Amino acid sequence: MSDENRVLEFLERVVADQAAAFAGVSTSLGVRLGLYRAMSGAGALTSDELAEKTRLVERYVREWLAAQVAGAYVVHDPRTNTYVLPEEHAAVLADSSLPTYVGGGFTMLKALYGAEAALADAYRDGGGVSWRDYGPELAEGVAAFFKPGYDAVLVQEWLPALEGVEAKLRRGASVADVGCGFGHSTVLMAKAFPQSRFHGFDFHEPSIETARKLAEDEGVADRVTFEVAAAQDFPGGDYDLITFFDCLHDLGDPGAALQRAEKALADDGSCLVVEPNVSAEPGENINPIGRSFASTSAVLCLPAAMSQGGPHALGNHPGPEALQAIAAEVGLHGWRLAVETPTNRIYDVKR
């Protein structure tokens, strides 16, 4: 017989999760419509003032603000009927240049929820859901989600932690960024190391088009190229560095991608492999970061891998030993944890 107190305790937790799920759409709207940006640093605003700043309809803005107050994202002063986005909250929701910004993750929700019917079919028949099937909001949201982290640590911490790589990049190296998406990581490295040349590859053509525009806008198109190519057959060779940013676990055959990398590396080349910092043991992921990754894996990472029909469907939390073993099978025997953050493990991988 169930314990009534425990039932009520769990009910309270689920209702809170349900409220957060409903609120996520409003948060996504706040990001997309620039509401958080408009409130950042603006002090106390009425709904009319915020509507004017964002060129939105006041009645909708007022309702959005009410939802933000209910979630304690925004503070309301009933005496003046004004609203404030605290500076600390703006660092998380308004300023995409800060490493604390997570607003981009909410803009993925439309794509993930929109794929529910396809996901249900995949769960029934063992098929998959390709990235192309989720809609454009997925690629946009993923790029926005990862960019602040790359800006904060890729050049400053991750690359220097790889044995001998930073010195090569400063002298002039050839780099392949596999699964480059919108090209944020590629362009960031190119701006930091002007003597080197960079080649971004992704199977998703709209992402490559966006990446090419980014390279032009950032003034590095003379040293950066982007090309539509799959991870297992990207062109070129003799690369000093090949990077895989949070993408190997999305592949149906990560072994084929690593085998192509092994053949494409220069004699003393290195691979940078970035993967989520989550455990293969489900009980060890009972925390906000672990839950976020595990939940995403069930509706994105695993279905994407299953859609490719390869020999592996790892999900994003297979544990480091799984990928290390796959790498060793294709000749990449050097597998060293270079950096560990609350969200990621960064590996220095060699022959």
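What share of the contacts in the protein chain with a separation of 6 or more comes from residues 24 or more positions apart? The share is 66%. The points below concern a predicted model and proceed from the chain as a whole to individual residues.

1. Overall fold. The protein chain contains 15 helices and 9 strands. Its radius of gyration is 22 Å, close to the 20 Å that the globule rule gives for 351 residues, so the chain is as compact as a globular protein of that length. Along the principal axes, the C-alpha atoms fill a box of roughly 70 × 60 × 30 Å.

2. Burial and surface. Of the 351 residues in the protein chain, 46% are buried. The accessible surface amounts to about 17500 Å², and carbon and sulfur atoms contribute 54% of that surface.

3. Charge distribution. The protein chain carries 28 positive and 49 negative charges. The mean positions of these two sets of charges are 4 Å apart.

4. Trp-158 and its long-range partners. Trp-158 belongs to helix H9, which covers residues 136-158. The residue is buried, with a relative accessible area of 3%. Beyond its neighbours within four places in sequence, Trp-158 is in contact with Tyr-150, Val-153, Phe-245, Val-274, Val-339, Thr-341, Asn-344 and Ile-346. The pairing with Ile-346 spans 188 residues along the chain, yet the two C-alpha atoms are separated by 7.1 Å.

5. Ser-185 in helix H11. Ser-185 lies in helix H11, formed by residues 184-192. Its relative accessible area is 3%, under the 20% limit, and therefore Ser-185 counts as buried. Residues up to four places away in sequence being set aside, Ser-185 touches Tyr-150, Leu-154, Asp-177, Cys-180 and Phe-245. Tyr-150 and Phe-245 also appear among the contacts of Trp-158, so the reader may wish to view points 4 and 5 together.6. Gln-68 in helix H4. Is Gln-68 buried or exposed? Gln-68 is buried, with a relative accessible area of 3%. The residue is placed in helix H4, which comprises residues 58-70. Apart from neighbours within four places in sequence, Gln-68 is in contact with Ser-26, Thr-27, Tyr-36, Tyr-73 and Val-74.

7. His-249 in a loop. His-249 is located in the loop between S6 and H13. At 3% relative accessibility, this loop residue counts as buried. Its contacts, neighbours within four places in sequence excluded, are with Glu-275, Pro-276, Cys-301, Ala-305, Gly-315 and Asn-316. His-249 and Val-274 are 25 residues apart in sequence, and their C-alpha atoms are 9.9 Å apart in space. Val-274 is itself one of the residues in contact with Trp-158.

8. Backbone at Asp-238 and Asp-246. Most residues other than glycine have a negative phi. Asp-238, although not a glycine, has a positive phi of about 55°. Asp-246 likewise is not a glycine and has a positive phi, of about 50°. Asp-238 is found in the loop between strand S5 (224-228) and strand S6 (239-245), whereas Asp-246 is in the loop between S6 and helix H13 (254-264). Their surroundings can be contrasted: Asp-238 is exposed, with a relative accessible area of 56%, while Asp-246 is buried, with a relative accessible area of 8%.

9. Cysteines. How many disulfides does the count come to? The count comes to 0 disulfides. Cys-271 is in no disulfide, and the nearest cysteine sulfur, that of Cys-247, is 11 Å away. A disulfide would require the two sulfur atoms to be within 2.5 Å, so Cys-271 does not qualify at that distance. Cys-271 is buried, with a relative accessible area of 0%. Cys-301 is also in no disulfide; the nearest cysteine sulfur to it is again that of Cys-247, 11 Å away. Cys-301 is buried, with a relative accessible area of 5%, and it is one of the residues in contact with His-249.

Key
Residues numbered from 1 in each chain as written. Predicted model: local features only at pLDDT ≥ 70, side-chain atom pairs only at ≥ 80, totals over all residues. Heavy atoms only, no water. Helix = DSSP H or I, 4+ residues; strand = E, 2+ residues; numbered from the N terminus. Buried < 20%, exposed > 50% of the residue type's maximum accessible area, 1.4 Å probe, protein only. Contact = heavy atoms within 4.5 Å. Rg over C-alpha atoms; globule rule 2.2 N^0.38 Å. Areas by Shrake-Rupley, 256 points an atom, 1.4 Å probe, with all protein chains shown as cover. Lys, Arg positive; Asp, Glu negative; His and termini not counted. Charge placed at Lys NZ, Arg CZ, Asp CG, Glu CD.
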